[in-house]
Amino acid sequence: MAGRFSPRPTRTTVRGGHVGVPGAGPGAEPGAGPGGVPRQGSGAGPGRVRDYVPEGVLDLGLVLGPLRRGPGDPTFRVMPDGSVWRASLTPAGPGTLRVAAVDGGGASGGGGGGAVRGEAWGPGAEWLLEQLPEMLGAADAPEAFVPRHRVVAVARHRRPGLRLTRTGLVLESLIPSVLEQKVTTDEAYRAWRLLVRKFGEPAPGPAAGGRLWVMPAPRTWALIPSWEWHRAGVDDKRASTILRAVRVAGRMEEAVGMAAEDARARLEVVPGVGPWTSAETVQRSHGAADAVTVGDLHLPGIVGWALAGDRGADDSVMLELLEPYAGQRHRAARLILLSGRVPGRRGPRMPRGDIGGF
């Protein structure tokens, strides 16, 4: 039975937001040391620092994992010293954030408690440090969750450090979610990687020099030529949705101050943004515990199999099975994904298409 709930990373647990974060090395210093980010470029000196002590166990790999868009995400890096680096376009400008457990504390790998240190660079440094507690789940309430199924209870027991992140940034989650519409994850991750590296800017601080990139500003997204979308493998429908969203970027970002359901309604006003995309966005921007993803190709079957042995479940069946978790349905779905209990494939994977080669 234990093998069915293995905590080791699998394709499914990664989809559930699992990123392997190595334990912090003793005496590791921000931006230095073997395996760390070398000091390079301008502004590579010490950044602004904030220490945060979370309540209870905190697993950086689980909390921040949903923010990584594939292993080659140019805005996200996990370093051998146990630190997680992110580059963001904040309301104050671009910024780089390094997050790590202090003195090798358990927060990095999901062990015991301990302080977490954030160090930030660039115009957006203060904003990122102010947002640090919520990004690490301070606004989340995992204690309100009550497991109703054994598979969920066991997954929660094995993942005590799971908290739902709240980034406070909408476009940062909306744009890559649009890129993930109706295509394989590999295609979406490739498009995000190519577009950010070509039209974004190097992240400020010691992570500069090509290691980390800040995603393009709304105006830059709006000025990307049609052939560059094509080369990145993005069809006209997804490209047009992103262009419509960035033209009202201010209104999109205002949704951070709304309740998750109201924010979803505002996002869905943009043609091309539907329930799947809005849920994927507010899960990250708002830490929305109840924003279950509907319209997904695989999730209903995974939830149906885990909770009722029904691999052919559709959205209506999934929502019925998740009804006991009303108010916490997204958390329940994540725990199911992290359990690793999924039906075996009965057919080939979804074929990958690349319009950039046409």
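**Long-range contacts and salt bridges**

Among contacts in the protein with a separation of 6 or more, 73% are between residues 24 or more positions apart. The model is predicted, and it holds 15 helices and seven strands. Of the 358 residues, 53% are buried. The accessible surface amounts to about 15400 Å², with carbon and sulfur atoms contributing 53% of this area.

A helpful place to begin is with the charged pairs. The whole structure contains 15 salt bridges. In one of these, Glu-126 pairs with Arg-48 at an N to O distance of 2.9 Å. This pair links helix H3 (residues 125-135), home of Glu-126, to strand E1 (residues 48-52), where Arg-48 sits, across 78 residues. Both partners are partly exposed, Glu-126 at a relative accessible area of 47% and Arg-48 at 41%.

Strand E1 also contributes Asp-51, whose salt bridge with Arg-117 has its closest N and O atoms 2.7 Å apart. Because Arg-117 belongs to strand E5 (residues 116-121), the pair ties together parts that are 66 residues apart in sequence. Asp-51 is partly exposed at 43% relative accessibility, as is Arg-117 at 30%.

A further salt bridge, 3.0 Å from N to O, joins Glu-254 and Arg-266. Here helix H10 (residues 249-254) is tied to helix H11 (residues 260-267), the two residues being twelve apart in sequence. Glu-254 is partly exposed at 44%, whereas Arg-266 is buried at 18%. Elsewhere, Lys-198, Glu-228 and Arg-231 form one network through salt bridges with shared partners.

Finally, His-286 occupies the loop between helix H12 (275-285) and helix H13 (299-308). His-286 is buried, at 8% relative accessibility. Beyond its neighbours within four places in sequence, its contacts include Thr-165, Arg-166 and Met-258.

How values were computed. Residues numbered from 1 in each chain as written. Predicted model: local features only at pLDDT ≥ 70, side-chain atom pairs only at ≥ 80, totals over all residues. Heavy atoms only, no water. Helix = DSSP H or I, 4+ residues; strand = E, 2+ residues; numbered from the N terminus. Buried < 20%, exposed > 50% of the residue type's maximum accessible area, 1.4 Å probe, protein only. Contact = heavy atoms within 4.5 Å. Areas by Shrake-Rupley, 256 points an atom, 1.4 Å probe, with all protein chains shown as cover. Salt bridge = Lys/Arg side-chain N within 4 Å of Asp/Glu carboxyl O.
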